[in-house]
Amino acid sequence: MSRTYFGTDGIRGTVGQAPITPDFMLRLGHAVGRVLKRTSAKPMVLIGKDTRISGYMIESALEAGFASAGVDVLMSGPLPTPGVAYLTRALRLDLGVVISASHNPFGDNGVKFFSSRGEKLPDDWEQAVESALAETPQWVDSSRLGKVRRIEDARGRYIEFCKSTVGGEMTLKGLKLVVDAAHGAAYHVAPDVFHELGADVSCIGCQPDGLNINAGVGATHPDALVQRVRETGADYGIALDGDADRLQMVDRDGRLFNGDELLYVMVADRLAQGLRVEGAVGTLMTNMAVEVALRRRDVQLVRAKVGDRYVLEELTQRGWQLGGESSGHLLALDKHTTGDGIVSALQVLQAVQRRGAGLAQMLSEVALFPQTLINVRLRDGVDWKSSRRLADEQQAVQAELGDQGRVLIRASGTEPVLRVMVEARDGDQARRCAERLAAAVNA
């Protein structure tokens with residue numbers, strides 16, 4: 001069903017423009033509260049946020065909306081998205097609410113939700129909320145208004161959870177790490193997790209001021225981390241995004257490792273322990289080199305649509321545990337119910353320790369295929385799906401590439417643009433083939 005407000009990861013937009021306004025957020029809290037009360041007489045929700053200045057405004061409006069529907073609220077203050085998911089489950093709450101726009105700049109913000117089990121909620125729940133938004137509010141009387149209180153130990157609880165996801169024998173003693181928290185929600189969490197496990201930790205991106213989240217730092221801007229790792233001679237650098245559900249890593253040589261490579265390391269570590277890994281889930285953008293390397297290990301790679309919620313849905317359906325995206329959203333469902341940058345980093349560091357080798361050595365079998373991506377603006381009236389010229393050219397290109405490359409053509413969800421991607425072992429071949437396909441789009 002079509003939805004007006006919810007996108008692939010909650011509700012997101014520019015602060016001050018609908019729907020990211022205080023009046024809408026009050027209505028949203030009230031509508032969500034009414035949906036919760038269909039199954040719980042006295043629901044309780046947790047609200048966490050990242051470090052954007054607009055979080056104060058949205059937090060207050062949501063709090064009022066929930067209270068007006070008779071829903072009790074717990075407030076955690078700044079806390080990573082996966083931390084909210086964990087506490088919602090651990091405290092047996094009805095819902096977790098995260099105020100964040102993830103890797104976007106500070107002028108954006110949004111709201112996303114987790115179920116009582118710490119999982120993303122299904123489309124039909126979001127549809128129920130949208131229907132409730134269209135209804136006339138039904139304020140409860142004063143005696144039934146919700147109450148609000150702050151969880152003072154939310155940060156400490158989540159730090160202990162992160163540490164619990166690795167074996168009790170694991171220590172990071174002797175490792176020198178640089179942690180980049182993107183001036184985001186993990187600024188007061190991630191450094192302590194790695195320090196308490198024994199690492200020598202230095203930080204960048206850990207001084208949020210409400211306006212600098214993701215600004216030139218973090219998983220989407222890793223150059224600052226690469227430079228700091230080289231300057232300090234650190235063993236590894238760990239880059240998170242604004243809400244800490246995304247991870248990139250850097251080794252002492254300044255080599256950057258993306259989500260595709262880190263997913264392979266996690267799978268390889270499970271196999272090295274003698275554990276069975278039937279398959280892993282990537283996305284349409286997962287590099288083919290990872291698929292080829294996993295196939296050599298008899299591990300199937302299944303591709304989901306782009307978006308961590310689709311990776312999660314595929315994993316759940318198949319009963320698998322490991323999945324992720326190139327961007328660094330990584331899932332280890334035997335460790336957490338959602339993507340967690342800190343937990344994923346610990347899984348990778350544990351794998352490195354078990355192997356006694358660096359990340360580059362562990363990935364010696366995975367040489368990422370070059371990718372060429374061309375955005376082609378569609379002319380008015382062009383129906384690319386029924387274009388015989390494009391279909392014939394795509395068939396010819398795929399035949400030329402054989403099993404040494406692949407083609408992906410998909411429409412943008414936000415503009416009249418067709419994204420043409422070709423991936424091949426030979427970078428020049430990928431570029432030539434992509435240009436041929438791009439030329440055929442509007443022909």
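A residue is called buried when its relative accessible area is under 20%, exposed when that area is over 50%, and partly exposed in between (1.4 Å probe, protein chains only). By this criterion Asp245 is buried, with a relative accessible area of 4%. The model is a predicted one, in which local features need pLDDT of at least 70 and side-chain atom pairs count only at pLDDT 80 or more, while totals for chains, interfaces and linings use all residues. Residues are numbered from 1 along each chain as its sequence is written, and side-chain values use heavy atoms, with hydrogens and water left out.

Asp245 is a convenient place to begin. Helices (H or I, at least four residues) and strands (E, at least two) are taken as DSSP runs and numbered from the N terminus; in this scheme Asp245 belongs to the loop between E9 and strand E10 (247-251). With contact defined as heavy atoms within 4.5 Å, and neighbours within four places in sequence set aside, Asp245 touches Pro82, Ser102, Lys112, Gly328, His329, Gly339, Asp340 and Gly341. Two of these partners lead into elements described next: Pro82 is among the buried residues of H3, and Lys112 is among those of E5.

Helix H3 (residues 81-90) is mostly covered, eight of its ten residues being buried. These are Thr81, Pro82, Gly83, Val84, Ala85, Tyr86, Leu87 and Thr88. Their cover includes strand E2 (44-49), strand E4 (95-99), E5 and helix H5 (154-164). After H3 comes Arg92, which has a positive phi near 55 degrees.

Strand E5 has seven of its seven residues buried, so the rest of the structure largely encloses it. Asp108, Gly110, Lys112 and Phe114 are buried on one side, and Asn109, Val111 and Phe113 on the other. Strands are said to pair if DSSP finds at least two bridges between them. E5 pairs with E1 in the antiparallel sense over four bridges, Arg12 having Gly110 as its bridge partner. E4 and E5 also run antiparallel and are joined by four bridges, with Gly96 bridged to Phe114.

The aromatic side chains carry this picture further. Rings of Phe, Tyr and Trp (its six-membered ring) pair if their centres lie within 6.5 Å, with planes under 30 degrees apart counted as stacked, over 60 as edge-to-face and the rest as tilted. Five aromatic pairs are found in a search of the whole structure. In one of them, Phe6 and Phe113 have ring centres 6.2 Å apart and planes at 50 degrees, so this pair is tilted. Phe6 lies in the segment before strand E1 (11-14) and Phe113 in strand E5 (residues 108-114), so the pair ties together parts that are 107 residues apart in sequence. Phe6 and Phe113 are both buried, and ring pairs join them with Trp125 in a cluster.

Arg309, in helix H10 (residues 308-318), is another buried charged residue, with a relative accessible area of 7%. Beyond its neighbours within four places in sequence, Arg309 contacts Arg3, Gly7, Thr8, Leu121, Pro122, Asp123 and Glu126.

Turning to the sheets, five strands form an open one in the order E8-E7-E9-E10-E11, with mixed pairing. Strand E8 (200-204) and strand E11 (256-257) are its edge strands, each pairing on one side only. Within this sheet, strand E7 (residues 176-180) and strand E9 (residues 236-240) pair in the parallel sense over four bridges, and Val179 stands opposite Ile238 in E9.

A three-stranded open sheet has the order E16-E18-E17 and antiparallel pairing. Strand E16 (371-377) and strand E17 (405-411) are at the edges with a single partner strand each, so one side of each has no neighbour in the sheet. E17 and strand E18 (residues 417-424) pair in the antiparallel sense over seven bridges, and the partner of Gly405 in E18 is Ala424. H14 packs on this sheet, touching E16, E17 and E18.

Helix H14 (residues 427-441) also meets helix H13 (residues 388-401): their axes come within 8 Å and cross at roughly 170 degrees. Axes here are lines fitted to C-alpha atoms, for helices over the stretch in contact, and angles run from 0 to 180 degrees between N-to-C directions. The crossing makes H13 roughly antiparallel to H14 (angles under 35 degrees count as roughly parallel, over 145 as roughly antiparallel, 65 to 115 as roughly perpendicular and the rest as oblique). The residues in contact include Leu390, Val397 and Leu401 of H13 and Cys433, Leu437 and Val441 of H14.
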